[in-house]
Amino acid sequence: MKVAVFSTKSYDRQFLSAANEKHGHELVFLEPRINLETSVLAAGFPVICIFVNDFLDATILAAIASQGTRLIALRSAGFNHVDLSAAQELGLTVVRVPAYSPYAVAEHAVGMMLALNRKIHRAYNRVREGNFALDGLLGFDLHGRTAGIVGTGKIGALTAKILSGFGMKLLGYDVFQSPECLNLGMEYVSLSELFARSDIISLHCPLTHETYHLIDDEALAQMKDGVMVINTSRGALIDAEAATKALKSGKIGYLGLDVYEQESDLFFENLSEYVIQDDVFQRLLTFPNVLITGHQAFFTEEALRNIAETTLANITDFEQDRPCANEVSVERLRK
């Protein structure tokens, strides 16, 4: 099938081209993100392939549907950037990559915990400047501390497994209890209890109406002073302005973000020659106890290979009119 691949980077081209050798689709790589203006580039393509910061609202969906697009292939597990109801009304099929490498994200989350706790990012810069003083670099043992895992799906469960290896006590919150986490000794508690008892809180849940700004002023008030908060899931799980206030007061002692609510204007691009206009983001960068990475938790060879292979297999299923287990629809979400 003829596929318009939006938001293409060099690594997308590399891995998608390699995976496509056994599928034989016609891939046309486009650097721009899709929006109403660039949607004209999708004309004549029955399939478009998009990434997390390509937002498809009802207007854009109507535009691409009128130009012949029938399938939207997401190169991501999340699908909150697509209006599924509008897609359904327009007869558009949406498929995703539900699991590419849970290890990649879990390992990155724990890496952020270690870097923040032991101030590795600050120590690196000090040593390069010839400063070997230890003042300000004091950390704490993870052993014996309590980690709260919000969302114990594949990524959350793997994060819990790694932290269990450090000898941490595990608290979990999820609609469904993971047998693997229970075997690790995880105690499932209410969200408020998890907030109150955890030394480290790691977010591994999807963004929904219920989880939007899960971490807000009210949630932060329930947490221990000096708590560590890690988010490698979706930026809007955390109210960034509330987090900024909590950093100033000392309620949050460590903040690790691989995602940010307004990241679509920032991440995946080189903005080093520009003045960033997001005042909240700029304020977060001023805190010495904040570590931000640019949505790179997923970014491993294994993950990119799996994303490419699953994406192209989804397209082949659609082409051959086979049921696709990775289809996302309003009906499937209700089940």
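Author: Two strands pair if DSSP finds at least two bridges between them. The model here is predicted.

Reader: Which residue of E13 is the bridge partner of Val-95?

Author: Glu-327 in E13 is the bridge partner of Val-95. Strand E5, residues 93–95, is joined to E13 by two bridges, and these strands run antiparallel.

Reader: How do strands of a sheet pair?

Author: They pair through backbone hydrogen bonds, either parallel or antiparallel. In this model, six strands form an open sheet with mixed pairing, and their order is E2-E1-E3-E4-E5-E13. Strand E2 (26–29) and strand E13 (327–328) are the edge strands, each pairing on one side only.

Reader: Which helix packs on the sheet, and which strands does it touch?

Author: Helix H1, residues 10–19, packs there and touches strand E1 (2–5) and E2. The direction of H1 makes about 180° with that of E2.

Reader: Now the interior. How many residues are in the largest nonpolar core, and which have the most contacts inside it?

Author: A nonpolar core joins buried residues of the nonpolar kinds through side-chain atoms within 4.5 Å. The largest one has 33 residues, and Met-223 and Leu-255 have the most contacts inside it. Several elements supply at least two residues each, among them helix H8 (191–197), strand E9 (200–203) and strand E11 (252–257). H10 gives the largest share, five residues.

Reader: What does Met-223 touch, not counting residues up to four places away in sequence?

Author: Met-223 touches Phe-195, Ile-201, Ile-215, Val-229 and Lys-251 on that count. There is also a second, separate core of 28 residues, which includes Leu-27, Val-52, Val-95 and Ala-297.

Key
Residues numbered from 1 in each chain as written. Predicted model: local features only at pLDDT ≥ 70, side-chain atom pairs only at ≥ 80, totals over all residues. Heavy atoms only, no water. Buried < 20%, exposed > 50% of the residue type's maximum accessible area, 1.4 Å probe, protein only. Helix = DSSP H or I, 4+ residues; strand = E, 2+ residues; numbered from the N terminus. Contact = heavy atoms within 4.5 Å. Axes fitted to C-alpha atoms, helices over the stretch in contact; angles between N-to-C directions.
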